[in-house]
Amino acid sequence: MLAGAALLLVFEGWGRGLAGVRRELAAACYEDLLELYMPGLWYEETGTGDMAAYLLDAFFPVGGGEKKEQESYPTQVESELSYEMILAREAADENYVDEETGKVVIVGEEQADAAASDMPEAGGTKEADAAADSEAEEGGREDAQADEETPAQGDSAAGTGLLAAVGTGEKVNVYSREKLRDFDFLVQNFYQIDSTTTIDGSQLNVDALLGKDVRLSHDASTPQILIYHTHSQEGYADSVPGDAGTTVVGVGDYLAKLLTERYGMNVIHHKGEYDVGDRDHAYSNAAPAVEQLLAENPSIEVVIDLHRDGVREDTRLVTEMGGTRMAQIMFFNGLSRTTRTGDIDYLYNPYIADNLAISFQMQLAASEYYPGFTRRIYLKGYRYNMHYCPKTLLIEVGAQTNTVEEAMNAMVPLADLLNRVLTGPQ
């Protein structure tokens, strides 16, 4: 390396005839230095030459001492390294993850309170008050949680009682279309927009959101709904290691059972594991299976990716209905757009408007019939495999601090809401 540098100095000033030789020697010096002191960067750059050319011009000027101006970097296009980072962020971003540190957080006290209760202003119901009260009482319940019995497929006494009661109620809240047309009201009561993305009234237009017919178009003679889990290893506070029935997969089993047996729907529950040993690429790993399932079952109209969230250990996402405690749920949408880069072309999703429509119709129905059951819809950048089917729902069922029973119980009102939205009047 030093010999190469010495030769370079000797050649310096010999005229334009040896410019090519000087550049090759400079490149060799650059790559040697980069490999020695920054091997990771050297590996990333050896195939591109772009950074090498820039640094060569900056540190080893050739010909007339001219300084080449650095070209601006197009913000709508990201490098392969950024793409890898996006894959990793996408795999974790349905949780509250700080973009800079990568740590699971709740962003600010107001949002922490919103995550714990998230009731629309039109609420003020007994259920909403009970949800807030139960959140305040959870500080010293860890020992009691450890003693709770884990239900089999949600068939606890409480779950059975709730199953009998759900589906017969009237609306608790009624929202006028005029009020929902107010963008500020809509966002404040139904959405939580992550700081890394942006959205405006052209996409959150209530007439467009409610104008899309998301109902099932055919009977249950062929598959209608696909349930799967990008993160199949997500469990709860009292999940049993090695027992998938006590993770989000078991929660998916119970949801599929309710939709099939109570509402007569044709459901496929896919239990593939895509985050074992490689959570950072879970969405990419799951993509081929989702494509194949939809290709083999073209009658599927609704895709549900069931997860559980990640929150601070002192946060409990619990509400109570009819004397039954259950985990709060949250609908999650990816916009394929970040504040920093704008629209991400290589994460194109032609169904963003459809995704937003079905999640809003579910959220509105939940606010009307089960105030306090859902947190606000979370909007984030990236895509989350929501581009394979117009009616795709990414649903967070509680968090790691909930019990399995609470998560199971939450499937009862969720199944009822799915039935209302997918089969009810437009």
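Which residue's side chain meets that of D416 in a salt bridge? In this predicted model, the partner is R420, and the nitrogen-to-oxygen distance of the pair is 2.9 Å. Both residues belong to helix α16, and because they are four residues apart there, about one helical turn separates them. The two ends of the bridge can also be described by their accessibility: D416 counts as buried, at 2% relative accessibility, whereas R420, at 22%, counts as partly exposed. Elsewhere, salt bridges that share partners draw R177, E178, R181 and D207 into one network.

The structure holds 16 salt bridges, and some of them join parts of the chain that lie far apart in sequence. One such pair is E368 and K171, whose side chains meet with a nitrogen-to-oxygen distance of 3.7 Å. E368 lies in helix α15 and K171 in the loop between α9 and α10, so this salt bridge ties together parts that are 197 residues apart in sequence. E368 is buried, with a relative accessible area of 9%, while K171 is partly exposed at 42%.

Helix α15 takes part in another bridge as well, in which the side chains of D354 and K212 meet at 3.5 Å, again from N to O. Here D354 is the residue in α15, and K212 sits in the loop between α12 and β2, so that distant parts of the chain, 142 residues apart, are linked. D354 is partly exposed, with a relative accessible area of 22%, and K212 is likewise partly exposed, with 29%.

The pair E368 and K171 leads on to the second largest pocket, since both residues are among those nearest its centre, together with L364, P425 and Q426. This pocket contains about 490 Å³ of space and is lined by 16 residues, which divide into eight nonpolar, four polar and four charged. Helices α10, α15 and α16 each supply at least two residues of the lining, and α15 gives the most, with five.

A last stop is helix α14, which runs from residue 282 to residue 296 and has 15 residues. From its first C-alpha to its last, α14 reaches 22 Å, close to the 21 Å expected at 1.5 Å a residue, although the helix bends by about 25 degrees at P288. The buried residues of α14 include A286, A287 and A289, which lie around that position in the numbering, as well as Y283, V290, L293 and L294.

Notes:
Residues numbered from 1 in each chain as written. Predicted model: local features only at pLDDT ≥ 70, side-chain atom pairs only at ≥ 80, totals over all residues. Heavy atoms only, no water. Expected span 1.5 Å × (residues − 1). Bend = angle between axes of the 7 residues up to and from the residue. Buried < 20%, exposed > 50% of the residue type's maximum accessible area, 1.4 Å probe, protein only. 1 Å grid on protein atoms, 1.4 Å probe; cavity = no way out; pocket = protein on both sides within 12 Å on 5 of 7 lines; lining within 4 Å. Points joined across faces, edges and corners; volume = space filled by probe spheres on them. Nonpolar A, V, L, I, M, F, W, Y, C, P; charged D, E, K, R; others polar. Salt bridge = Lys/Arg side-chain N within 4 Å of Asp/Glu carboxyl O.
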